[in-house]
Amino acid sequence: MNCDPDSLLRAEGLTFDRQGRAILRGVDLTIGPGEIVALLGANGAGKTTLLRLLMGFLKPSSGRVLVGKTALATLSARESAQQLAYVAQVHTIAFPYLVRDVVLLGRLPRNGLLHAPKDADHVMAQTVLEQLGISHLAERPYSEISGGERQLTMIARALAQATPVLIMDEPLSGLDYGYQIRLIDQLEHLASERRSLVMSTHHPEHALWSATRVILLRDGMIEADGPPEDVLTAQAIRRLYDVDVLRLEGPEGRSTFLPKRRQRIASVDAAE
Ligand SMILES: Nc1ncnc2c1ncn2[C@@H]1O[C@H](COP(=O)(O)OP(=O)(O)OP(=O)(O)O)[C@@H](O)[C@H]1O
């Protein structure tokens with residue numbers, strides 16, 4: 001088997017079946033250091049399933065995941081949590097921990113359950129809270145903050161884990177515009193430190209703004225995998241989401257999408 005020595009995370013022939021239905025089919029991918037990989041696909045395409053397989057939360061029906069050269073399935077929960085951090089799409093914590101304590105939970109895989117956080121852990125928690133612009137929430141109960149603030153808290157917890165690979169399921173959803181852009185800045189900073197980021201998103205613009213690579217998932221299979229400017233064409237968006245868009249090229253080599261105008265509704269036109 002050829003193994004890319006520079007790969008942090010690798011999926012080989014991942015298949016996942018549920019109730020006799022193929023949800024993922026033969027997914028191969030390799031994530032290298034410093035990559036920001038955006039995963040796009042329609043509702044139900046299999047994005048969350050793929051991310052959960054990459055985390056080892058689900059067991060593939062066939063195929064495997066490698067972390068470096070080690071099969072993920074052979075790592076203990078603590079070992080894998082030292083390599084991979086995850087931000088889920090939905091957040092439920094039963095107890096009213098303070099936000100700072102939730103973030104400190106990210107240090108557990110390094111310290112173990114029986115050890116109180118050290119000074120360095122408190123410094124790390126404070127640093128990530130500041131990086132994400134939520135240090136003002138530190139002493140608030142997690143159960144009493146907003147949905148977007150919870151999302152940022154869970155991202156802070158994952159950052160505090162300081163893993164080489166960060167996997168996030170729609171991390172930008174629910175964040176206001178400012179937090180979205182600041183988070184993208186942070187992700188670019190992490191990638192510049194050769195950490196790898198994989199995130200699903202429903203916004204092709206997020207991928208165009210931040211990703212170094214885009215993977216399109218369709219019916220459980222990878223349809224395209226490559227640089228955003230090559231993969232995210234108007235045709236690809238049409239195929240994926242059944243909508244017509246224009247891709248506008250902006251300054252600094254950046255582009256964005258604009259929906260094409262649809263036929264106006266006849267009754268509206270008639271009323272004018
Ligand atoms: N526990 C489950 N049992 C059976 N089928 C499931 C289960 N979880 C997900 N599925 C199915 O697997 C398919 C992929 O779901 P998944 O959540 O991975 O999609 P997704 O691309 O993340 O969707 P979304 O964008 O809506 O979050 C869907 O058809 C879904 O109905």
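How do the residues of the shell around the ligand divide into nonpolar, polar and charged? They divide into 2 nonpolar, 7 polar and 2 charged residues. Good morning. The structure shown above is a predicted model, and I shall begin with this ligand shell.

The residues that surround the ligand are Arg-18, Gln-19, Ile-23, Gly-41, Asn-43, Gly-44, Ala-45, Gly-46, Lys-47, Thr-48 and Thr-49. Which helix gives the most to this shell? It is helix α1, residues 47-55, with 3 residues.

Let us turn to the sheet. Strands of a sheet pair through backbone hydrogen bonds, in either a parallel or an antiparallel manner. Here, 4 strands form an open sheet with antiparallel pairing, in the order β2-β1-β4-β5. At the edges lie β2 (21-31) and β5 (70-71), each of which pairs on one side only. Within the sheet, strand β1 (residues 9-18) is joined to strand β4 (residues 62-67) over 5 bridges, in the antiparallel sense. To locate this pairing, please find Leu-9, whose bridge partner in β4 is Val-67.

I now come to two helices, with one general point beforehand. An α-helix has 3.6 residues a turn, so residues three or four places apart point the same way.

Consider helix α7, residues 177-192. Its 16 residues should span 22 Å at 1.5 Å a residue, and the end C-alpha atoms are 23 Å apart, which agrees. Which residues of α7 are buried? They are Gln-180, Leu-183, Leu-187 and Ala-191. Viewed down the axis of α7, the buried residues fall within an arc of 80 degrees, so they line one face of the helix. The other side of α7 carries the exposed residues Gly-178, Asp-185, His-189 and Ser-192. The buried residues are covered by elements including β3 (36-40), α6 (147-160), β8 (196-200) and α8 (204-210). Just after α7, Arg-194 adopts a positive phi of about 70 degrees.

Helix α5, residues 119-131, may be read in the same manner. From first C-alpha to last, its 13 residues reach 18 Å, close to the 18 Å expected at 1.5 Å a residue. In α5, Met-124, Ala-125, Val-128 and Leu-129 are buried. Down the axis of α5, these buried residues fall within an arc of 130 degrees, so they line one face of the helix. They pack against α3 (99-104) and α6. On the face turned away from the buried side, Asp-119, Ala-120 and Val-123 are exposed. Just after α5, Gly-133 takes a positive phi of about 75 degrees.

Thank you for your attention.

Technical notes. Residues numbered from 1 in each chain as written. Predicted model: local features only at pLDDT ≥ 70, side-chain atom pairs only at ≥ 80, totals over all residues. Near = placed C-beta within 6 Å. Helix = DSSP H or I, 4+ residues; strand = E, 2+ residues; numbered from the N terminus. Nonpolar A, V, L, I, M, F, W, Y, C, P; charged D, E, K, R; others polar. Pairing = 2+ DSSP bridges. Expected span 1.5 Å × (residues − 1). Buried ≥ 20, exposed ≤ 12 C-beta atoms within 10 Å, placed from the backbone. Arc of directions from axis to C-beta. Contact = placed C-beta atoms within 7 Å.
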